[in-house]
Amino acid sequence: MQTTSSGIPSDPPQPDASPPGAAGAPSAAVGGKRRRSLPWAVIAGWVLLLLVAVPFAGKLEGAKRDTAVDYLPAGADSTQVARLQERLPGGDTIDLVLVFHRDGGLTDADRKAAGGRVAEVAGRHDLVGGTAPRAVPSKDGTAVMYPMALTGLTDEKERADAVKDVRAELSSHPEGLTVQVGGPGALSADSQEVFASTDGTLMFATAGVVALLLIVTYRSPLLWLVPLGVVGVAATAAMAIVYGLVQGFDLIVTSMSSSIMTVLVFGAGTDYALLIVSRYREELRRHRAPHDAMREALRGCGPAVLASSGTVAAGLLCLLAADLNSSSGLGPVGAVGVICALAAMMTLLPAVLVLLGRRVFWPLIPVYGSEPRATRRGFFEAMGDSARRRPGAVLLGGAALLGVLALGVLNLPGNLKQEDTFTDKPESVAATRTLADAYPDSSSQPISVMARTAGADEVLRRARGTEGVVRADTGRSGGGWTEIDVFPRGAPQSAEETAALHALRSGLVRVEGADALVGGPSAQQLDLKDTNARDRMLVIPLVLIAVLLILAALLRSLVAPLILVAAVVAVWGAAMGLGGLFFDPVFGFAGVDPGLPLLSFVFLVALGVDYGIFLMHRMREESLRGADVPDAAVTALRTTGGVIASAGLVLAATFAVLATLPMVMLVEMGFVVAVGVLLDTFLVRTYLVTSASLLLKRWVWWPGALFRRTPASPAPAAQDGPAAGSRPEPAVRGG
């Protein structure tokens, strides 16, 4: 074998397939030339695509939308209230609450300083009503608040800048006096700042984790660069396509959906790369030419990769049926990411690997005609043998373990409050808690009611008479609508406020001709909870049906798909149970995001079925070659166990990166999906699915042709290996 100047072995010279003068030589030469030119054509196509995609991918950041409406249910009352408020005169406003607090009680100097600072703020900004806000002192004398609404702010950036300016203007105050800027406008600005810090962190952290795991997996200084680079190309293409969907179809892209798309591209793309590279390495020992080996590798694992990506994309697209704007927008965004990862891994990755040849695997080069290096009995072979000895006990024991873990859902905390959505509490959240302590009998955050102007007086009268309401005032009017601010008893999202919300909705709807709608931040959280519950009832069955149909088409069976789906549903339950054991006791989270059960279900079912597809597809291959089900199951586990384990570790690690972000929802999502993938990889795929297949035997393929076929002795697989009597190339540094 020749070597390059760097000492890396180069591909050995390939003998001409046809002797000189043979009749088939010209056509063989033409075919060989085409095969050699195809990888270059594929790479050129992707380079052209990148040249077009890069400018548009960079514009996706500016197309993200993180306003309250973008995360709200499309048809909820609170969403309609938010949209009506935007169309009112002064709809370009933000509501703030300036809070001045001292533990031992405010002094006269504190009150004077507070009044002066608020007057300065009022003089530098346009306020709704045009006058300085009035002071609202607390009964215990420890705090005074100044509710105010800034207007004339045309976009989110101007509103965020206005909040920064107000905070800067209040930075000078007497020592010991705490000054905070809270309210919905400040909370929105803090959320944007947190989201803005996630993109770069997530991209670099995910790429770093994937690179490290690929280096450990391949033990090669070169090979890991190829899938990582191809994943980067796929991510760029995905961002450009999503930006096009935003422009063409007004698709809602939030920072949350963008972050999850990045994780999906890196996680799913690397999984597909691991499967393709593993099969390619296997075929290189059977085929002299790399392009022949890659053709056979794609022919062997291509259906599994296509079905795998199809289940993920189909599961994500089922989210289009959700009423929640952020969930329905996540569906196509995530599906685009998965499809781009599939396209890159099925075209660009093979082209690059074929051009680089065997030397890309250095120092563990798979040599033509060699066998894998003999080692002691493999880990997954041992697992398969243990499952084969006592499949019933293994299946029952594993199912019992998943059931016990699932009991942890009983310990899940309640729904996450808006003030608890950040892992590090920003100033707006601190202000909310200060107000809740200082004003226990009244909310500083109004419930927003919108009513037709003709019936607004009656709505105002009914609101003031509603149980749990402290006061109600008329606000802005325009376009035939009038805004009414209702202040309930109790802190935001407390039981008292929630009761007042329900009472307002049930009472004001009876005012004829008013078309009253009840919204505001707390109503939004209530609608999020109710809508997520409805979406679960609709989307979960759709996901299960879509996944079952794809699996049935791939495996030509009804029993095998049911086993795989039942397994991933059990994994989801166990992962949520582990969340109950960790979220509050270990992480200190005060609640669970209402969207977590649905989104984690979609990801774990769609992504978890991937590994079942890899395993079952290989098991079906072995069965088609004549092996009985027990032999096919153990062989499939032995041959795919390593790549499934590597893929599971990569996918779990990429989702675990979400836990580094400062949003509780993303941390919870990353935790549940990561532990679910690990459970699926090392318990369910290896033990439970294998044990169930061993117990069912040929019934696992019911009612397909494999079920009806009479078992026969295995036929030797045809290989494009060395001819009898020929001498294979020397196995130098075989991997």
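## Rings, charges and cavities in a predicted model

F361 is buried, with a relative accessible area of 1%. Its ring has a partner. The model described here is a predicted one, and this pair is a good place to enter it.

F361 forms an aromatic pair with Y280. The pair is tilted, with 5.9 Å from centre to centre and 40° between the planes. Y280 belongs to helix α10, residues 255-284. F361 sits in the loop between α12 (325-356) and α13 (379-389). The two residues are 81 positions apart, and their pair links distant parts of the chain. Is Y280 buried or exposed? Y280 counts as buried because its relative accessibility is 0%, and buried means under 20%.

A second pair joins F603 and F655. It is also tilted, at 5.7 Å centre to centre and 55° between the planes. F603 lies in helix α20 (residues 596-624), and F655 lies in helix α21 (residues 629-656). These partners are 52 residues apart in sequence, so the pair ties together separate parts of the chain. Both F603 and F655 are buried.

How many aromatic pairs does the structure hold? The count is 13. Beyond pairs, there is a cluster: F582, F583, F587, F589 and F671 form one aromatic group.

### Charges over rings

Some rings have a charged side chain over them. The table lists two arginines of this kind.

| Arginine | Ring | Distance to ring centre |
|---|---|---|
| R471 | F487 | 3.9 Å |
| R698 | F707 | 4.6 Å |

In the first case, the charged end of R471 sits over the ring of F487. In the second, R698 lies over the face of F707.

### The whole protein

Now step back to the full chain. The protein has 735 residues, and 56% of them count as buried. It contains 23 helices and eight strands. Among contacts with a separation of 6 or more, 80% are between residues 24 or more positions apart. The accessible surface comes to about 30600 Å². Carbon and sulfur atoms account for 60% of that surface.

### Cavities

The protein holds three cavities of 30 Å³ or more. The largest has a volume of about 180 Å³. Which residues lie nearest its centre? They are L187, Q418, T432, Q445 and P492, out of 14 lining residues. Two helices, α7 (184-196) and α15 (427-438), each supply at least two residues of this lining. The largest share comes from α15, with four residues.

### A glycine in a loop

Last, look at G176. This glycine is in the loop between α6 (156-169) and β4 (178-182). How exposed is G176? Its relative accessible area is 48%, so G176 counts as partly exposed, since exposed means over 50% and buried under 20%.

Which residues does G176 touch, leaving aside neighbours within four places in sequence? G176 is in contact with H101 and R102. Along the chain, R102 is 74 residues from G176. In space, the C-alpha atoms of G176 and R102 are separated by 6.7 Å.

Key: Residues numbered from 1 in each chain as written. Predicted model: local features only at pLDDT ≥ 70, side-chain atom pairs only at ≥ 80, totals over all residues. Heavy atoms only, no water. Buried < 20%, exposed > 50% of the residue type's maximum accessible area, 1.4 Å probe, protein only. Contact = heavy atoms within 4.5 Å. Areas by Shrake-Rupley, 256 points an atom, 1.4 Å probe, with all protein chains shown as cover. Phe/Tyr/Trp six-rings, centres within 6.5 Å; stacked < 30°, edge-to-face > 60°. Lys NZ or Arg CZ within 6 Å of the ring centre and 35° of its normal. 1 Å grid on protein atoms, 1.4 Å probe; cavity = no way out; pocket = protein on both sides within 12 Å on 5 of 7 lines; lining within 4 Å. Points joined across faces, edges and corners; volume = space filled by probe spheres on them.
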